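Colleague: I should be grateful for a close look at one part of this model, the central sheet with what packs on it and the loops around it. Please begin with the loops and work inwards.

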Amino acid sequence: IDLVEGDGQSLPFERATFDAVVLCDIIEHLHASPRGLLGAAIELLRDDGTLIVTVPNALNLRKRIDVLRGRTNYPPYGQFFASGDSWRGHVREYAWDDLVQLGHFLGLAEPTVLGRHHMTSVLPSWSRGIYRLATAPLEGVRDTLVLCGRKPTGWVLPPVTSALPPVTSALPPVTSALPPVTSASHPPTT
């Protein structure tokens with residue numbers, strides 16, 4: 001295996017060279033959109049080639065339990081605090097729906113999202129079996145998410161404007177769901 005380093009936007013290979021490109025736990029570290037990197041990766045695929053992207057699941061069961069216990073779902077704060085001016089940890093973690101949208105935005109054919117166990121080693125050994133049993137029927141709460149999709153013939157990276165859904169169709173305005181704020185809503189302060 002030859003190690004080849006790139007700049008994250010362009011890769012030193014000919015277009016349509018590979019049957020598969022795999023990015024394992026990369027895009028959550030990017031300080032900008034993964035669009036450029038993933039577009040370059042898809043260009044490396046032959047027609048009908050497969051793109052596989054793995055990410056930690058931002059909503060996995062362990063993180064949900066930590067949040068309910070008042071703990072953070074991010075890496076330990078001490079690591080962030082001691083990192084100085086350059087944070088190399090997770091910048092943005094992804095949820096199931098994020099990967100569904102990502103597959104669509106990239107113009108992949110048959111994009112599929114799967115939940116997998118990849119990081120159970122961070123759990124105490126006594127709890128790993130319980131964790132696997134609890135997450136068995138629910139792929140969306142497993143620790144790792146995997147996006148798989150094929151490069152269709154004639155693929156070009158869709159422009160951002162066509163990839164994004166209209167903002168007006170996303171959610172109803174928040175103000176319509178909330179009662180108006182009145183002085184009775186807030187207890188007086190002394």
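**From the loops to the sheet and its core**

Modeller: Pro-75 is situated in the loop that links α2 (61–68) with α3 (77–82). The model is a predicted one, and what follows should be read in that light. Pro-75 has a relative accessibility of 23% and is therefore classed as partly exposed, the limit for a buried residue being under 20%. Between Pro-75 and His-90 there are 15 places in sequence, while their C-alpha atoms are 7.7 Å apart in space.

A second loop leads towards the sheet. Glu-139 belongs to the loop between α5 (128–135) and β4, and with a relative accessibility of 29% Glu-139 is also partly exposed. Its C-alpha atom is 4.4 Å from that of Gly-115, although the two residues are 24 apart in sequence. Once neighbours within four places in sequence are left aside, the contacts of Glu-139 are Trp-96, Leu-114, Gly-115, Arg-116 and Leu-145. Of these, Leu-114, Gly-115 and Arg-116 fall within the range of β3 (109–116), and Leu-145 falls within that of β4 (144–150). Glu-139 thus touches residues of two strands as well as Trp-96.

The sheet itself is open and has four strands, arranged in the order β1-β2-β4-β3 with mixed pairing. The edge positions are taken by β1 and β3; each has a single partner strand, so one side of each lacks a neighbour in the sheet. On average, neighbouring strands are turned by 15 degrees against each other when direction is ignored.

Two of the pairings may be described strand by strand. β1 and β2 run parallel and are joined by six bridges; in this pairing, Val-21 has Leu-51 of β2 as its bridge partner. β2 and β4, by contrast, are antiparallel and are joined by seven bridges. Pro-56 faces Thr-144 of β4.

The helix α1 packs on this sheet and touches β1 and β2, its direction making about 145 degrees with that of β2. Together, β1, α1 and β2 form a right-handed β-α-β unit. Within α1 the buried residues are Leu-37, Leu-38, Gly-39, Ala-40, Ala-41 and Ile-42, and the partners against which the buried residues of α1 pack are β1, β2 and α4.

Two residues of this region deserve a remark on backbone geometry. In general, residues other than glycine mostly have a negative phi. Ala-16, in the segment before β1, has a positive phi near 55 degrees; its relative accessible area of 40% makes Ala-16 partly exposed. Asp-48 is located in strand β2 and likewise has a positive phi, near 75 degrees. With a relative accessibility of 47%, Asp-48 is partly exposed.

The nonpolar core brings these elements together. The largest such core numbers 21 residues, and Leu-23, Ile-27, Leu-51, Val-53 and Leu-99 have the most contacts inside it. Two or more residues are contributed by each of β1 (18–24), α1 (35–43), β2 (45–56), α4 (96–105) and β4 (144–150). Leu-51 therefore has two roles, being the bridge partner of Val-21 and one of the residues with the most contacts in the core. Leu-99 may serve as a further example. With neighbours within four places in sequence set aside, Leu-99 is in contact with Val-55, Tyr-94, Val-113, Leu-145, Val-146 and Leu-147. Leu-145 is shared between Leu-99 and the loop residue Glu-139, which returns the description to its starting region.

As for the setting of this part in the protein, there are seven helices and four strands in total, following the pattern β-α-β-α-α-α-β-α-β-α-α along the sequence. Of the 190 residues, 28% are buried. Among contacts between residues at least 6 apart in sequence, 80% join residues at least 24 apart; the contact of Leu-99 with Val-55 illustrates this kind of pairing. About 12,800 Å² of surface is exposed, and carbon and sulfur atoms account for 62% of that area.

Technical notes: Residues are numbered from 1 along each chain as its sequence is written. This is a predicted model: local features need pLDDT of at least 70, side-chain atom pairs count only at pLDDT 80 or more; totals for chains, interfaces and linings use all residues. Side-chain values use heavy atoms; hydrogens and water are left out. A nonpolar core is a set of buried Ala, Val, Leu, Ile, Met, Phe, Trp, Tyr and Cys residues joined through side-chain atoms within 4.5 Å. Buried means under 20% relative accessible area, exposed over 50%, partly exposed in between (1.4 Å probe, protein chains only). Contact means heavy atoms within 4.5 Å. Two strands pair if DSSP finds at least two bridges between them. Axes are lines fitted to C-alpha atoms, for helices over the stretch in contact, and angles run from 0 to 180 degrees between N-to-C directions. Accessible areas come from the Shrake-Rupley method with a 1.4 Å probe; for residues, only the protein chains shown count as cover. A crossover is right-handed if, with the strands pointing away from the viewer, the path from the first strand over the helix to the second runs clockwise.
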